[in-house]
Amino acid sequence: MGQDMVDTYDILAIGRSSIDLYSNDVGKPFPEITSFGAFVGGCPTNISVGTRRLGLRSALLTAIGNDPVGEFLLKFLNDEGVETQFIVNKPGYRTSAVVLGIEPPDRFPLIYYRDNCADIELTIDDVIASPIAESRAVLISGTGLSKEPSRSATMYAAEQAKASGCQVFLDLDFRADQWHDPRAFGVCVRSTLCNVDIAIGTEEETKAASLTDVTQMSIEHSQISNPTIEGDMDIAVATILNAGADALVVKRGSDGADVYLKDGKTIHAEPFPVEIYNTLGAGDAFASGFIFGILNGWGWQKAARLGNATGAIVVTRHGCANFMPTMAEVNDFVEERSGL
């Protein structure tokens, strides 16, 4: 989706940012951790770094506190070449933090410290000051919808991006403990999908966004051609697409990814099997690769396959933004595994 003017940025990512403290004692239960590594995280922040490392011109709209943690984030992002001039300082609020234990393959206890959080204080005025009209695409996330004023700012950003001709991506990014009622997540997401081109999420996030207790009647009146009803996931996918998105990308981890389209087609992208070290950040790495592919005019399968590769690389590494791969690393990884 192009614009007549020359765009300054390929993607503007909007939403949460944090310092991530990840256990250095891999495999130890949380009470036995003795030290943590300090990294950068937050879904839109990770994606801004991931897309930048792949070669896109990436900008980030988030908010930080007037604190050393905010300085930590800014230094990292500036070193990465992510545009930070639109990041807002919110006096009286704190830059967010996350603490994570690492017990592979399937235990990663995660604690959010988001009380008095700066990035949830993003406002419509902050969005107006951001370069939506100068960007090819805008990415928003579900957590940005969890509280005001960020909720209105996020919805306004999607609305303005759509009106400007930007391609709008929504990472569902469902964190149940960030919502006063998990059902509100679905209500807010569905209210936003009319301004979204492509939604990205896991199966769990898709079901949470759709509230899969919707009736069979909603499927019978679906605009999707020939829907197949085999269970809650089919209803969930149909609900997301009926709400306005042109495509829904479901990340399935070791099972690859599926792209669901309004015409009823499902496109599967095969995974790259790897040994799991830490799953956190892999979904944002997938989104980075997928978005890179879409913005470069790739087909659905090739873009999702790249997302599978970037996600697989990060799942073998320690953290999120700091460990996003470059395109050279992706090419080497794929070449070792028989091609993209």
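Which residues does I198 touch, not counting residues up to four places away in sequence? In this predicted model, the list runs to Q167, V168, F169, L170, A247, V249, F290, I294 and W300. That makes I198 a handy way into the packing of the chain. I198 belongs to the largest nonpolar core, a set of 50 residues. Together with F169, I200, F290 and V330, I198 touches the most other members of that core. As for where the core residues come from, helix α9 (residues 282–295) gives the largest share, eight of them. There is also a second, separate core of 43 residues, and its members include A184, C188, V189 and V250.

Next comes the open space. The largest pocket has a volume of about 1,100 Å³. Its lining is made up of 46 residues, and T202, T279, L280, A282 and G283 are the ones closest to the pocket centre. Several named elements contribute: β2 (18–23), α1 (43–54), β8 (110–113), α6 (203–210), α9 and α10 (300–315) each put at least two residues into the lining. Helix α10 gives the largest share, with five residues. Chemically, the lining is a mix of 19 nonpolar, 14 polar and 13 charged residues.

Helix α10 also holds N308. This asparagine counts as buried because its relative accessibility is just 8%, and the cut-off for buried is under 20%. Setting aside residues up to four places away in sequence, N308 touches G256, A257, A269, E270, P271, F272 and F286.

Another buried stretch is helix α8 (residues 232–242). Eight of its eleven residues are buried, so the helix is largely enclosed by the rest of the structure. The buried ones are M233, I235, A236, V237, A238, T239, I240 and L241. Just after α8, G244 takes a positive phi of about 140°.

On the strand side, L61 sits in β4 (residues 58–61). With a relative accessible area of 0%, L61 is buried. Leaving aside neighbours within four places in sequence, the contacts of L61 are L12, A13, I14, G15, F86, V88, L122, D126, V127 and S130. T45 lies 16 residues from L61 in sequence, and the two C-alpha atoms are 8.6 Å apart.

What about the cysteines? The disulfide count comes to zero. For C166, the closest cysteine sulfur is in C194, and at 16 Å that is too far for a bond, because a disulfide needs the two sulfur atoms within 2.5 Å. C166 itself is buried, at 0% relative accessibility. C188 is in no disulfide either, and C194 again has the nearest cysteine sulfur, this time 13 Å away. C188 also counts as buried, with a relative accessibility of 11%. This is the C188 that turned up among the members of the second core.

A few spots in the backbone are worth a look, since most residues other than glycine have a negative phi, and most peptide bonds are trans. P104 and P105 are joined by a cis peptide bond, with omega about 10°. P105 is in the loop between β7 (96–100) and β8. A cis peptide bond also links E148 to P149, where omega is about 5°. P149 falls in the loop between β9 (135–141) and α4 (150–164).

On the phi side, N116 is not a glycine, yet has a positive phi of about 60°. N116 is placed in the loop between β8 and α3 (124–128). At 42% relative accessibility, this asparagine counts as partly exposed. D173 is not a glycine either and has a positive phi of about 45°. Its place is in the loop between β10 (167–171) and α5 (182–192). Is D173 buried or exposed? At 2% relative accessibility, D173 counts as buried, whereas N116 is partly exposed.

Methods:
Residues are numbered from 1 along each chain as its sequence is written. This is a predicted model: local features need pLDDT of at least 70, side-chain atom pairs count only at pLDDT 80 or more; totals for chains, interfaces and linings use all residues. Side-chain values use heavy atoms; hydrogens and water are left out. A nonpolar core is a set of buried Ala, Val, Leu, Ile, Met, Phe, Trp, Tyr and Cys residues joined through side-chain atoms within 4.5 Å. Buried means under 20% relative accessible area, exposed over 50%, partly exposed in between (1.4 Å probe, protein chains only). Helices (H or I, at least four residues) and strands (E, at least two) are DSSP runs, numbered from the N terminus. Contact means heavy atoms within 4.5 Å. On a 1 Å grid over the protein atoms alone, a cavity is a set of points where a 1.4 Å probe fits but cannot get out, and a pocket is an open set with protein on both sides within 12 Å along at least five of seven lines; lining residues have an atom within 4 Å of a point. Grid points are joined across faces, edges and corners, and a volume is the space filled by probe spheres set on the points. Ala, Val, Leu, Ile, Met, Phe, Trp, Tyr, Cys and Pro count as nonpolar, Asp, Glu, Lys and Arg as charged, and the others, Gly among them, as polar.
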